Amino acid sequence: MMQPAATHEGHEAQWSAALHAAGRRVTRQRLAVLAAIDRLPHATADDAAAAVRAGLPQITVQSVYVVLADLTDLGLLRRVETPHSPARYETRVGDNHHHAVCTGCGRIEDVDCAVGHAPCLTPEWSPGARRMTIQIAEVVYQGLCDDCRAAVPSHQPATPQE
Ligand SMILES: [Zn+2]
Ligand SMILES: [Zn+2]
């Protein structure tokens, strides 16, 4: 048999198995939160709450927050901290990918890797630091997306004043 394609049902089976393995009940609420974040990668908690409540109006915003935190603790979701933004959530976990954030509009994109293997960055330890075995390096690149770069005159080539 072929591997199931990345359909909604395929994800739901994986999420259910992971919830079982973590000793959690498989509830509509938990599956709805996972499905919402899967549809909206890098959603904020408020984005997630709005998306989940569109399908499950009886769930409160507070409950969505609690489920997000729990699923993050379980490793089913990854919480991403980016500058000048509330935390974002995604279902792409465990692959040590990085993020690039546009400082103009806040758009966020995945960056697979910087060097081709985790943890991507080799630390240059400060003198006197107690070295650690590094497992994860999380990088936030900051720059301007094409849309924002086009809108910022100072980033256009300067024209001579003659
Ligand atoms: Zn931008
Ligand atoms: Zn990501």
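**Exercise 1.** Find the residue of strand 5 that is the bridge partner of His98, then work out how the two strands pair.

*Solution.* Start at His98 in this predicted model. Its bridge partner in strand 5 is Val111. Next, look at the strands themselves: strand 4 covers residues 98–102 and strand 5 covers residues 108–111. They pair in the antiparallel sense, with four bridges between them. Finally, check the link: the two strands form a hairpin, with five residues between them. Within that turn, Gly106 has a positive phi of about 85°.

**Exercise 2.** Decide whether Arg53 is buried, partly exposed or exposed.

*Solution.* First place the residue: Arg53 sits in helix 3, residues 45–55. Now count its neighbours: 17 C-beta atoms lie inside 10 Å. Buried needs 20 or more and exposed needs 12 or fewer, so Arg53 comes out as partly exposed. While you're there, check Gln29: its C-alpha atom is 9.7 Å from that of Arg53, though 24 residues separate the two along the chain.

**Exercise 3.** Describe how helix 3 packs with helix 4, and say which residues make the contact.

*Solution.* For two packed helices, you want the angle between the axes and the distance between them. Here helix 3 and helix 4 (residues 61–74) pack at about 120°, with axes 9 Å apart. That angle makes helix 3 oblique to helix 4. The crossing is right-handed. On the helix 3 side, the contact uses Ala45, Ala48, Ala49 and Val52; helix 4 brings Val61, Val64, Tyr65 and Leu68. Sort them by class and you get eight nonpolar residues, no polar ones and no charged ones.

Definitions and conventions: Residues numbered from 1 in each chain as written. Chains lettered and ligands numbered in written order. Predicted model: local features only at pLDDT ≥ 70, side-chain atom pairs only at ≥ 80, totals over all residues. Pairing = 2+ DSSP bridges. Axes fitted to C-alpha atoms, helices over the stretch in contact; angles between N-to-C directions. Parallel < 35°, antiparallel > 145°, perpendicular 65-115°, else oblique. Left-handed = near helix turned anticlockwise from the far one by under 90°. Contact = placed C-beta atoms within 7 Å. Nonpolar A, V, L, I, M, F, W, Y, C, P; charged D, E, K, R; others polar.
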